[in-house]
Amino acid sequence: MKHAVLTLMLLALPVRAQEAPAPAPPPSGGSVQEGVDLLQRGMRSIMDGLVTEMQPAIDGMGRALTEMRPLADQLFTLIDNIGNYEAPVMLENGDILIRRKPAAPAPLPEPLKEGEVEL
C-alpha cells in the first residue's frame, strides 16, 4: 500500500518538458516547394480514394431520400409549423402524443374537393 501511494505521489510531480527537435533540413537536391507539391499530391490521392469508396453509399442515400420525398411531403402538409407543437409525450400504453400548443394559431382548413359542400 505504501508503494502505491509513493508511486502516485511521484507521478503527480511536475516533469521537465522535452525540447522540440530542430527541424530537419530539406533533402539534398530538393526544395521546399517540391515537398509541398508531394504533400498536395498525397492528400489529393487520399481524398480521391475516399470519394471513390464513399460513392456507393452516397448514391444509396440519394435514392432513399428520393423514395422518402412523397412521405415527407404528406407529413409536412399535416404539420404546418413544428414550433406550434409541444415535445412528444409517451403514455403508459406506449402511445406517443404530440400536442399542439394552446397559443398556436388554428390550422388552415383543408381545401374542398370538387363537388364537396361545406356543412
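I began with contacts along the protein chain of this predicted model. Among contacts between residues at least 6 apart in sequence, I found that 3% join residues at least 24 apart.

Next I looked up burial. Of the 119 residues in the protein chain, buried ones make up 3%. I then noted the exposed surface, which comes to about 11,800 Å² for the protein chain. Carbon and sulfur atoms supply 65% of that area.

I turned to secondary structure. The protein chain has 2 helices and 2 strands. Read from the N terminus, I recorded their order as α-α-β-β.

I then asked where Asn 84 is placed. I located Asn 84 in the loop that runs between helix H2 (32-78) and strand E1 (89-90). Is Asn 84 buried or exposed? I entered Asn 84 as buried, because its relative accessibility is 11% and the cut-off for buried is under 20%.

Which residues does Asn 84 touch, leaving aside those up to four places away in sequence? I listed Arg 100, Lys 101, Ala 104 and Pro 105 as its contacts.

My last entry concerns a nonpolar patch on the surface. I noted its area as about 580 Å². Met 43, Ile 46, Met 47, Leu 50, Met 54 and Ile 58 make up this patch. I looked up the place of one of these residues, Met 43, and found Met 43 in helix H2. Helix H2 spans 32-78 and precedes the loop that holds Asn 84.

How values were computed: Residues numbered from 1 in each chain as written. Predicted model: local features only at pLDDT ≥ 70, side-chain atom pairs only at ≥ 80, totals over all residues. Heavy atoms only, no water. Helix = DSSP H or I, 4+ residues; strand = E, 2+ residues; numbered from the N terminus. Buried < 20%, exposed > 50% of the residue type's maximum accessible area, 1.4 Å probe, protein only. Contact = heavy atoms within 4.5 Å. Areas by Shrake-Rupley, 256 points an atom, 1.4 Å probe, with all protein chains shown as cover. Patch = residues over 30% accessible without salt bridge, like charges linked within 9 Å, V, L, I, M, F, W, Y side chains within 5 Å. Salt bridge = Lys/Arg side-chain N within 4 Å of Asp/Glu carboxyl O.
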